[in-house]
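Student: Please take a close look at the ligand site in this model. I would like one connected account of what surrounds the ligand.

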Amino acid sequence: MTTARGLREGDEPITMLTAYDAPTAAILDEAGIDVILVGDSMGNAALGYDSTLPVTMAEVESRTAAVARATEDALVVADMPFLSFGVDEAESVRNAGRLLKEANADAVKIESGPHTVEMTQRMTDIGIPVMAHLGLTPQHVNRLGGYTRQGTDQDAAEEIIDLAGAHAEAGAFALVLEHVPANLAGAVTEALEIPTIGIGAGPDCDGQVLVINDAVGLGEWSPPFSRQFGDVRGEMLDAVEAYKEAVTDGEFPAEEHSHVESALDDLY
Ligand code: KIV
């Protein structure tokens, strides 16, 4: 079983993917993925919102519980949704605790910044493992003005390096680096004792993460830094069209899919 503390033990890169339901989590676990992130990317990837901002605690809690029920080995990390943290410290800690206590997550992920250093320390002290997240943090889309690459000039890169160190010192057990230059991600990885997990951050992180829809080819669009390792959308479309055709042609259900009860012979 993967634990937050044991994440950097092996020599192999850490593999992380998102999942938002039990069947997907079971597949990821069977494939030996180290970390399953119940990301607030569920907003776009599973719930039909056009950003992550509307995602609620109840939605993350229910999806995390489903993923945790289907996972035996991987570390299950629940993403804290927009405004579930950062408004009030006690509420932030309670919400994080709920994800462990009621939804069975092993850890929480927090989109990080200067305002989350103390919070990370407090949660860690209480016993809630925290995965930090720097670079592009999609919950800040309205402040950033889009989903653009971060840390591209000296000042911005230094701020990310400083914040990475501050979160590691505050007790974060891992750090997600999203959409930052590969050389910045390499420098952060070099500087930290805790593992970095990159998405659009080049090959020099300790691990990689992708949104499941992008990795398996379920969505109609995926970001330029991700790669589709399958064509699940195409496969599903073929299967659904084949089902429709079989029903409309009267070919399904066939005899082998039906049960005739002899005791009911008089009925029909
Ligand atoms: O919500 C999410 O899926 C994430 C990953 C992209 C790291 O934060």
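**The ligand site**

Tutor: This is a predicted model. Start with the residues around the ligand. They are Thr-18, Leu-37, Gly-39, Asp-40, Ser-41, Asp-79, Lys-109, His-133, Val-176, Ile-199 and Val-211. Now sort that shell by class. Four of its residues are nonpolar, four are polar and three are charged. Leu-37, Val-176, Ile-199 and Val-211 are the nonpolar ones. Thr-18, Gly-39, Ser-41 and His-133 count as polar, with Gly placed in that class by convention. Asp-40, Asp-79 and Lys-109 are the charged ones.

Next come the polar contacts, taken as pairs of N or O atoms within 3.5 Å. Begin with Ser-41. A polar atom of the Ser-41 side chain is 2.5 Å from a ligand oxygen. Then take Asp-40. Between an N or O atom of the Asp-40 side chain and an oxygen of the ligand, the distance is 3.0 Å. Asp-79 also makes such a pair: its side chain has an N or O atom 3.1 Å from a ligand oxygen. Now look at cover. On its own, the ligand has 260 Å² of accessible area, and the protein covers 95% of that. As for the space itself, the ligand occupies the largest pocket.

Now step back to the whole chain. It is divided into domain 1, residues 5-230, and domain 2, residues 238-267. Their centres, taken over C-alpha atoms, are 45 Å apart. Every residue listed around the ligand falls within the bounds of domain 1.

Two backbone details deserve a look while you have the model open. One is at Asn-104. Asn-104 is not a glycine, yet its phi is positive, near 70°. This residue sits in the loop between helix H4 (89-101) and strand E4 (107-111). Lys-109, one of the residues around the ligand, is within the range of strand E4. The other detail is at Pro-253. The peptide bond joining Phe-252 and Pro-253 is cis, with omega about 0°. Pro-253 belongs to the segment after helix H10 (232-248).

How values were computed: Residues numbered from 1 in each chain as written. Predicted model: local features only at pLDDT ≥ 70, side-chain atom pairs only at ≥ 80, totals over all residues. Heavy atoms only, no water. Near = heavy atom within 4 Å. Polar contact = N/O pair within 3.5 Å; in protein donor to acceptor, adjacent residues only side chain to side chain. Areas by Shrake-Rupley, 256 points an atom, 1.4 Å probe, with all protein chains shown as cover. 1 Å grid on protein atoms, 1.4 Å probe; cavity = no way out; pocket = protein on both sides within 12 Å on 5 of 7 lines; lining within 4 Å. Sits in = over half its atoms within 2 Å of the grid points. Domains from an automatic or database assignment. Helix = DSSP H or I, 4+ residues; strand = E, 2+ residues; numbered from the N terminus.
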